[in-house]
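Here is a short tour of charged pairs and a nonpolar surface patch. Please have a look at the sequence and the model first.

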Amino acid sequence: MNGSATSDLYRDITDFARTTPSWVQHLAELWTEAGLLVFGLLFVAVWWLARRAGSRALALAVLAPLATAIAYVCSELSKSVLEEERPCRAVAGAGEPLITCPPVGDWSFPSNHSTIAGAAATALLIARPRLAYLTVPMALLMAFSRVFVGVHYPHDVAVGLVLGAAVATLVMPAAARPVGLLVGTMRTSGAGPVRWLAGPGDRLARTARAARPVLRVPADGPAQADSGATGDTGDSPTMSIRTPRDQDMFRR
């Protein structure tokens with residue numbers, strides 16, 4: 001694939017990179033790889049929180065890294081077909097990159113890092129929408145850093161972001177239902193490690209709701225908490241608000 005379409009922009013960005021303070025350059029060098037680790041930690045955190053949520057929530061949390069891995073495979077397959085040379089070797093007049101130029105045969109288009117970042121950001125957004133304020137800027141910065149350090153064309157990272165986001169958008173909803181059913185089965189398993197991985201789900205919330213005290217609502221006064229007694233020792237008539245289970249027990 002011909003990278004000349006964005007080679008001028010590549011030169012502009014890499015020339016700018018070499019004028020920045022050394023700490024900025026080192027930070028870019030660090031983030032271009034460390035960002036992958038941060039996404040990995042977010043996958044673990046989202047899974048841990050989803051263990052106490054419903055089956056669909058845990059299914060999406062588990063699918064997030066899986067969708068990211070599928071996007072990476074798609075990127076690698078594309079690289080092997082398109083075989084675009086790295087700009088740090090192909091662009092005439094470009095200065096030395098901030099990091100070592102990848103070896104010959106490690107093709108440039110699309111950017112694997114950007115594909116992973118786009119997929120991870122999108123998958124985490126679907127699994128936990130509030131994370132969008134964190135994951136989207138992270139993905140954009142990671143993609144830009146690949147051009148900044150001199151190992152990718154701008155179009156490499158742009159297509160990588162789109163490819164990763166597209167794969168995650170397709171995989172996550174499509175697989176959520178079957179994986180959710182599997183999660184439900186795991187939560188009823190007799191194997192302790194399996195139940196631990198799947199977590200208790202939202203049973204704790206249901207148990208807490210069932211354990212709430214019955215409300216006694218006097219006809220002429222404010223509601224009062226009732227520990228379960230069926231009679232009234234006061235002068236005012238009362239109404240008891242009970243769950244269906246309580247009503248069944250009362251009829252007995």
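Let us begin with Leu197, which lies in helix H8; helices (H or I, at least four residues) are DSSP runs, numbered from the N terminus. Leu197 is partly exposed, its relative accessible area being 43%. Here, buried means under 20% relative accessible area, exposed over 50%, and partly exposed in between (1.4 Å probe, protein chains only).

A word on the model itself: it is predicted, so local features need pLDDT of at least 70 and side-chain atom pairs count only at pLDDT 80 or more, while totals for chains, interfaces and linings use all residues. Residues are numbered from 1 along each chain as its sequence is written, and side-chain values use heavy atoms, with hydrogens and water left out.

**The nonpolar patch**

Which residues join Leu197 in a nonpolar patch on the surface? They are Trp48, Leu49 and Trp196, and together with Leu197 they offer about 430 Å² of accessible area. Helix H2 (22-50) and helix H8 (192-198) are the elements that give two or more residues to this patch. A patch is made of residues with over 30% relative accessible area and no salt bridge; like charges are joined within 9 Å, and nonpolar side chains (Val, Leu, Ile, Met, Phe, Trp, Tyr) within 5 Å. The accessible areas come from the Shrake-Rupley method with a 1.4 Å probe, and for residues only the protein chains shown count as cover.

**The salt bridges**

Side chains of opposite charge can pair when their charged atoms come close. How many salt bridges does the structure hold? There are five, a salt bridge being a side-chain nitrogen of Lys or Arg within 4 Å of a carboxyl oxygen of Asp or Glu. Among them are these:

| Salt bridge | N to O distance |
|---|---|
| Arg11 and Asp8 | 2.3 Å |
| Asp15 and Arg18 | 2.5 Å |
| Arg89 and Glu85 | 2.9 Å |

Helix H1 (residues 7-19) holds Arg11 and Asp8, and because they are three residues apart there, about one helical turn separates them. Asp15 and Arg18 also lie in helix H1, three residues apart, about one turn of the helix.

How accessible are these partners? Arg11 is partly exposed at 23% relative accessible area, and Asp8 is partly exposed at 48%. In the next pair, Asp15 is partly exposed with 36% relative accessibility, and Arg18 is partly exposed with 32%. Turning to the pair outside that discussion, Arg89 counts as partly exposed at 35% relative accessibility, and Glu85 is partly exposed at 24%.
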